[in-house]
Amino acid sequence: MKEHHNFIQLLLNDPNVQWEPSLTVRRNEHLTVPGQISNQLYWIESGALRAYFLSENQEQTLRLGYPQSMIADLPSLLSGKPSEVHIQALKKTTVKPLSK
C-alpha cells in the first residue's frame, strides 16, 4: 500500500501532469452519468463519492471513494465508450480532476 501512496504523491506533485482546478460538488450531484463518455479521473480531496449502476431499477454500488483516493469510470475512460456508471457525491465533495 505504501508504494500506491508514493505513486499517487508523485503524480500529484509532478509538474508535467496537468491537473485541473479543484471542483466542489454538492451532496447528490453527479460527476458522471450513463451515456456520457468519461474523460477524467478524480482525486478526492474531501467528502465522499460513490460509483453505481442501475440493474432492474435497483442501484448497485460498485465503489465508494473517500479523501486521498481516486475514482473514475475506468471502462469508459480507457475505451472511449459511453459510461454505464453514475459517480455521485454522498456529501459536499471537492475533487481534483485529471483529464485524459
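# Exercises on a four-stranded sheet

In this predicted model, four strands form an open sheet in the order β1-β8-β3-β6, paired in the antiparallel sense. Let's explore the sheet and a few residues, one exercise at a time.

## Exercise 1: The sheet

Find out which strands are the edge strands, and how much the sheet twists on average from one strand to the next.

**Solution.**
- Step 1. Look for strands that pair on one side only: these edge strands are β1 (23-25) and β6 (69-71).
- Step 2. Turn to the angle between neighbours: from one strand to the next, the twist averages 40°.

## Exercise 2: Strand β8 and its partners

Work out how many bridges β8 makes with β1 and with β3, and decide whether β8 is largely enclosed or open.

**Solution.**
- Step 1. Begin with β1: three bridges link this strand to β8 (residues 93-99), and the two pair antiparallel. Within this pairing, Leu-23 has Val-95 of β8 as its bridge partner.
- Step 2. Move to β3: the strands β3 and β8 run antiparallel and are joined by six bridges. Here, Ser-46 stands opposite Thr-94 of β8.
- Step 3. Check burial: β8 has seven residues and five of them are buried, so the rest of the structure largely encloses this strand.

## Exercise 3: Thr-32

Decide whether Thr-32 is buried or exposed, and find which backbone atoms its side chain reaches.

**Solution.**
- Step 1. Locate the residue: Thr-32 sits in strand β2.
- Step 2. Compare its accessibility with the cut-off: buried means under 20% relative accessible area. Thr-32 counts as buried because its relative accessibility is 5%.
- Step 3. Follow the side chain of Thr-32: it reaches the backbone oxygen of Val-85 at 3.4 Å and the backbone nitrogen of Ile-87 at 3.1 Å.
- Step 4. Add the other neighbours: leaving out residues up to four places away in sequence, Thr-32 touches Tyr-42, Val-85, His-86 and Ile-87.

## Exercise 4: Gln-40

Find which side chains make polar contacts with the side chain of Gln-40, and say whether Gln-40 is buried or exposed.

**Solution.**
- Step 1. Place the residue: Gln-40 belongs to strand β3.
- Step 2. Judge its burial: with a relative accessible area of 16%, Gln-40 is buried.
- Step 3. List the polar contacts: the side chain of Gln-40 meets the side chain of Tyr-42 at 3.0 Å, and that of Ser-99 at 3.2 Å.
- Step 4. Widen the view beyond four places in sequence: the residues that Gln-40 touches include Glu-20, Ala-72, Leu-77 and Pro-97.

## Exercise 5: Asn-39

Work out how far apart Asn-39 and Leu-98 are in sequence and in space, and which class of exposure Asn-39 belongs to.

**Solution.**
- Step 1. Find Asn-39: this residue is in the loop between β2 (30-32) and β3 (40-46).
- Step 2. Compare the two separations: Asn-39 and Leu-98 are 59 residues apart in sequence, and their C-alpha atoms are 8.4 Å apart in space.
- Step 3. Check contacts: setting aside neighbours within four places in sequence, Asn-39 is in contact with Leu-77, Leu-98, Ser-99 and Lys-100.
- Step 4. Assign the class: Asn-39 has 43% relative accessibility, so this residue counts as partly exposed.

Technical notes: Residues are numbered from 1 along each chain as its sequence is written. This is a predicted model: local features need pLDDT of at least 70, side-chain atom pairs count only at pLDDT 80 or more; totals for chains, interfaces and linings use all residues. Side-chain values use heavy atoms; hydrogens and water are left out. Two strands pair if DSSP finds at least two bridges between them. Axes are lines fitted to C-alpha atoms, for helices over the stretch in contact, and angles run from 0 to 180 degrees between N-to-C directions. Buried means under 20% relative accessible area, exposed over 50%, partly exposed in between (1.4 Å probe, protein chains only). Contact means heavy atoms within 4.5 Å. A polar contact is a pair of N or O atoms within 3.5 Å; within protein, one must be able to donate a hydrogen and the other to accept it, and residues adjacent in sequence count only if both atoms are side-chain atoms.
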